[in-house]
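Colleague: I've got this one open and would like to go through its nonpolar parts and one odd charge. Can we take it question by question?

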Amino acid sequence: LLPTMPALVIPVMLLTRRNTQVLGAFLAGWFAGFLLVGGVSILLVDLASWLEGGMPAWIEALRIPLGLVLLGLALVQWHRRSKHGQSSTPPFWMGMIETLTPPRAAGLGLVTIAFNPKNVPLIMSGGLTIATATPLPHAQLAARVVFTLVASLGVLAPLLASLLLGERAQAPLARFKGWVVHYNNHIVAFALLTLGVLLVSSGIAR
């Protein structure tokens, strides 16, 4: 699951706006960006395979630099973590939430996924896996949709909790918001470290 800002954006929106249009627009932009980056990754792999008459060996090796990028980002996030006794500063974008319009929410969702250096390598690795598993366009499309939904569970979970529990979800979401604000860099660093190691080891094995 992608361990980045949107996992906190949705509960913040739910707590401050209660606006289904803004939420829907953000999710639309998020999914559009995810499908776009994944689709471009698959297209590039397919193009390289077509030009070289088969799957090039270097395509499989791309997992290694992608994993190294994630490991570098994990190190950056770890150095940015809050030290013991220090208070965490909420991300700058949290001040934008109260004034977001649906078009801006959609743009935020798109930028968050398509231009975030922590997300792009993860999506590219998923596209790489899909493209090397099958050359069939309909199978690639189906796999890309499933990959998008599974990887976005962290974004959808707070929204589903609010829909199912109503007002009872507000207190847990508020606690979740405070916890993520304080430990955001720790969470992201650990997730990026884990995924980076998995990608590098997978690239070496392949």
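**Patch, cores and a lone arginine**

Colleague: Which element gives the most to the nonpolar patch?

Modeller: Quick caveat: this is a predicted model, where local features need pLDDT of at least 70, side-chain atom pairs count only at pLDDT 80 or more, and totals for chains, interfaces and linings use all residues. Residues are numbered from 1 along each chain as its sequence is written, and side-chain values use heavy atoms, leaving out hydrogens and water. The patch (nonpolar side chains of Val, Leu, Ile, Met, Phe, Trp or Tyr joined within 5 Å, each residue with over 30% relative accessible area and no salt bridge) includes Leu36, Trp50 and Phe115. With six residues, the top giver is α2.

Colleague: And which element gives the most to the largest nonpolar core?

Modeller: A core here is a set of buried Ala, Val, Leu, Ile, Met, Phe, Trp, Tyr and Cys residues joined through side-chain atoms within 4.5 Å, buried being under 20% relative accessible area with a 1.4 Å probe, protein chains only. Of its 22 residues, Ile10, Met13, Phe26, Leu27 and Leu100 touch the most other members. α1, α2, α5 and α8 each give two or more residues, but with nine, the answer is α2.

Colleague: How far away is the nearest side chain of opposite charge from Arg144?

Modeller: Arg144 sits in helix α7 and touches Leu35, Gly38, Gly39, Ile42 and Ile130 (heavy atoms within 4.5 Å), not counting residues up to four places away in sequence. Arg144 is buried but has no salt bridge, meaning a side-chain nitrogen of Lys or Arg within 4 Å of a carboxyl oxygen of Asp or Glu. The nearest opposite charge is Asp46, at 8.7 Å.

How values were computed: Helix = DSSP H or I, 4+ residues; strand = E, 2+ residues; numbered from the N terminus. Buried < 20%, exposed > 50% of the residue type's maximum accessible area, 1.4 Å probe, protein only. Lys, Arg positive; Asp, Glu negative; His and termini not counted. Patch = residues over 30% accessible without salt bridge, like charges linked within 9 Å, V, L, I, M, F, W, Y side chains within 5 Å. Areas by Shrake-Rupley, 256 points an atom, 1.4 Å probe, with all protein chains shown as cover.
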